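Work through the following exercises with the structure open beside you, and try each task before you read its solution.

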Amino acid sequence: MSDCIFCKIANGAFNTEFVYENDKVAVFKDINPVAPVHLLVVPKIHVESLRELDDKELMGELLSAVNISCKKLNITDYRTVINTGKGAGQEVFHLHIHVISGRPLNWPPG
């Protein structure tokens, strides 16, 4: 999708510094972090949300990118969040995994 901000970021349109990248996914810092560490893990192809993702290999690539990025940054305690749909808080309609760390993360959030 040509007007999708995450497609543009993941495919290098803005020279974003990636924490991790391969041919299928990109990991970068959220520009509006909710914690000292707030990464976004996105597929390089446009997938609107988890509901539309049927590719099990890509699912694995996304979770592997979380693991690799956290190891690279020496993060041992973190929360992963995938908002699916507007009612669940999804604001950018390109599948992304939030990786949040660096402060106490109580449950339920709030």
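**Exercise 1.** In this predicted model, which residues of the largest nonpolar core touch the most other members?

Solution. Begin with the core itself, which holds 16 residues, and look for the members with the most contacts inside it; these are Val41, Leu62 and Val99. Next, ask where the core residues come from: S2, S3, H2 and S5 each supply at least two of them, and H2 gives the most, with five residues. Then take Leu62 as an example, leaving aside its neighbours within four places in sequence, and you will find it in contact with Val25, Val41, Val42, Pro43, Leu53, Leu95 and Ile97. Finally, notice that another core lies apart from this one, with 10 residues, including Phe6, Ala10, Ala26 and Val42. As a general background to this exercise, nonpolar side chains in soluble globular proteins tend to be buried together.

**Exercise 2.** Compare the expected span of helix H2 (residues 56–72) with the distance between its end C-alpha atoms.

Solution. The helix has 17 residues, and the span is reckoned at 1.5 Å a residue, taken over one less than the number of residues, which gives an expected value of 24 Å. The end C-alpha atoms are 24 Å apart in the model, so the two values agree.

**Exercise 3.** Which residues of H2 are buried, and which are exposed?

Solution. Apply the cut-offs, by which buried means under 20% relative accessible area and exposed means over 50%. The buried residues in H2 are Leu58, Leu62, Ala65, Val66, Ser69 and Cys70. Seen down the helix axis, these buried residues fall within an arc of 120°, and therefore they line one face of H2. The spacing has a general background, because an α-helix has 3.6 residues a turn, so that residues three or four places apart point the same way. On the other side of H2, Lys56, Glu57, Leu63, Lys71 and Lys72 are exposed. The buried residues, for their part, pack against strands S1 (20–21), S2 (25–29), S3 (37–43), S4 (79–81) and S5 (97–101).

**Exercise 4.** What is found at the start of H2, and what just after it?

Solution. At the start, a side-chain oxygen of Asp55 reaches to within 2.9 Å of the backbone nitrogen of Glu57. Just after the helix, Asn74 takes a positive phi of about 60°.

**Exercise 5.** Is His98 buried or exposed?

Solution. First locate His98, which is in strand S5. Its relative accessible area is 13%, so His98 counts as buried. Then look at its side chain, which is joined to that of His38 by a polar contact of 2.7 Å.

Note on methods. Residues are numbered from 1 along each chain as its sequence is written. This is a predicted model: local features need pLDDT of at least 70, side-chain atom pairs count only at pLDDT 80 or more; totals for chains, interfaces and linings use all residues. Side-chain values use heavy atoms; hydrogens and water are left out. Helices (H or I, at least four residues) and strands (E, at least two) are DSSP runs, numbered from the N terminus. Buried means under 20% relative accessible area, exposed over 50%, partly exposed in between (1.4 Å probe, protein chains only). The arc is that of the directions from the helix axis to the C-beta atoms. Contact means heavy atoms within 4.5 Å. A polar contact is a pair of N or O atoms within 3.5 Å; within protein, one must be able to donate a hydrogen and the other to accept it, and residues adjacent in sequence count only if both atoms are side-chain atoms. A nonpolar core is a set of buried Ala, Val, Leu, Ile, Met, Phe, Trp, Tyr and Cys residues joined through side-chain atoms within 4.5 Å.
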